[in-house]
Amino acid sequence: MRISWEQYALDIAQTASSRSEDHHVKVGACALNSQRMVVSVGYNGLASGKDVAYDFWRNRDHRRKFMIHAEVNCLSLFKKGEAQMLAVTLLPCSSCATMIAGYGISKVVYKDIYERDTIALEIFDFYNIECIKYGN
């Protein structure tokens, strides 16, 4: 039996997350279009080309404001309306949720809940975006 498209996209997002340099939380995202083709992948991290000392990663609260979220990196690689589903290893934060709505994504699947910010669930409901916790 084949895995679902949701699981397929989440597996790709999980693999993308392994590229993150963040030692605390590694997040990945994968966007599929209406033909279920991969449009984009992204992971959380610093802007391309930005090198920092290892000590930067030790203070989670300090480095958090500099991090670019996986969803933002993923969304930046395609045009509005080109993707239908976004799979993310962690429930998007409220800021990412509004960006996802702006890109016309109609379905979001995620693996783990983001305890610090669950407002995304309300935002997805407001914009009629199907949101499913998938997996364990």
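## A tour from a salt bridge to the core

Begin by selecting Lys107 and Glu6, which form a salt bridge whose closest N and O atoms are 2.3 Å apart. Because Lys107 lies in strand 4 and Glu6 in helix 1 (residues 5–17), this pair ties together parts that are 101 residues apart in sequence. Lys107 counts as buried, at 15% relative accessibility, and Glu6 likewise counts as buried, at 15% relative accessibility. Keep in mind along the way that this is a predicted model.

**More salt bridges**

How many salt bridges does a search of the whole structure find? The search finds four, and two others are worth a stop here.

Select Asp22 and Arg63, whose side chains meet in a salt bridge at 3.1 Å, N to O. This pair links distant parts of the chain, since Asp22 sits in the loop between helix 1 and strand 1 while Arg63 belongs to helix 2 (residues 60–64), 41 residues apart. Both Asp22 and Arg63 are buried.

Stay on helix 2 and select Arg64 together with Asp61, a salt bridge in which the closest N and O atoms are 3.3 Å apart. Here the two partners, Arg64 and Asp61, both lie in helix 2, three residues apart, which is about one turn of the helix. Arg64 counts as partly exposed, at 22% relative accessibility, whereas Asp61 is exposed, with a relative accessible area of 57%.

**The loop around Ser20**

Return to the loop between helix 1 and strand 1, where Ser20 has its place. Is Ser20 buried or exposed? With a relative accessible area of 4%, Ser20 is buried. Its side chain reaches the backbone nitrogen of Asp22 at 3.1 Å. If residues up to four places away in sequence are not counted, Ser20 touches Val25, Lys26, Tyr43 and Asn44, so these four can be added to the selection to show what surrounds a residue that is buried.

**The largest nonpolar core**

Next select Leu86, Ile100, Ile105 and Phe124, which touch the most other members among the 25 residues of the largest nonpolar core. Two or more residues each come to this core from strand 1 (28–32), helix 3 (70–75), strand 3 (85–90), helix 4 (94–102), strand 4 (107–112) and helix 5 (119–126). Which of these elements gives the most? Helix 4 does, with four residues. In soluble globular proteins, nonpolar side chains tend to be buried together.

Centre the view on Leu86 and show its contacts: leaving aside residues up to four places away in sequence, Leu86 touches Ala29, Cys30, Ala31, Glu71, Cys74, Ile100, Ile105, Lys107, Val108 and Val109. Lys107, where the tour began in a salt bridge with Glu6, is one of these contacts of Leu86. Apart from the largest core lies another core, of eight residues, among them Ala9, Leu10, Leu32 and Ala87.

**Helix 4, seen along its axis**

Now select helix 4 and highlight its buried residues, which are Cys96, Ala97, Ile100 and Ala101. They cover an arc of only 145 degrees around the axis, which puts them on the same side of helix 4. What covers these buried residues includes helix 3, strand 3, strand 4 and helix 5. Helix 4 is followed by Gly104, whose phi is positive, near 75 degrees.

**Cysteines without a disulfide**

Select the cysteines next, although a search of the whole structure finds zero disulfides. Cys93 is in no disulfide, and the nearest cysteine sulfur, that of Cys96, is 3.7 Å away; since a disulfide requires a pair of cysteine sulfur atoms within 2.5 Å, a separation of 3.7 Å does not qualify. At 10% relative accessibility, Cys93 counts as buried. Cys131 is also in no disulfide, and the nearest cysteine sulfur, that of Cys93, is 13 Å away. Cys131 is partly exposed, with a relative accessible area of 26%.

**Two residues with positive phi**

Most residues other than glycine have a negative phi. Finish, then, with Arg36, which is not a glycine and has a positive phi near 65 degrees. Arg36 lies in the loop between strand 1 and strand 2 (38–43), and at 45% relative accessibility it counts as partly exposed. The last stop is Asn128, also a residue other than glycine, with a positive phi near 55 degrees. Asn128 has its place in the loop between helix 5 and strand 5 (130–133), and it is exposed, with a relative accessible area of 69%.

Definitions and conventions:
Residues are numbered from 1 along each chain as its sequence is written. This is a predicted model: local features need pLDDT of at least 70, side-chain atom pairs count only at pLDDT 80 or more; totals for chains, interfaces and linings use all residues. Side-chain values use heavy atoms; hydrogens and water are left out. Buried means under 20% relative accessible area, exposed over 50%, partly exposed in between (1.4 Å probe, protein chains only). A nonpolar core is a set of buried Ala, Val, Leu, Ile, Met, Phe, Trp, Tyr and Cys residues joined through side-chain atoms within 4.5 Å. Contact means heavy atoms within 4.5 Å. The arc is that of the directions from the helix axis to the C-beta atoms. A polar contact is a pair of N or O atoms within 3.5 Å; within protein, one must be able to donate a hydrogen and the other to accept it, and residues adjacent in sequence count only if both atoms are side-chain atoms.
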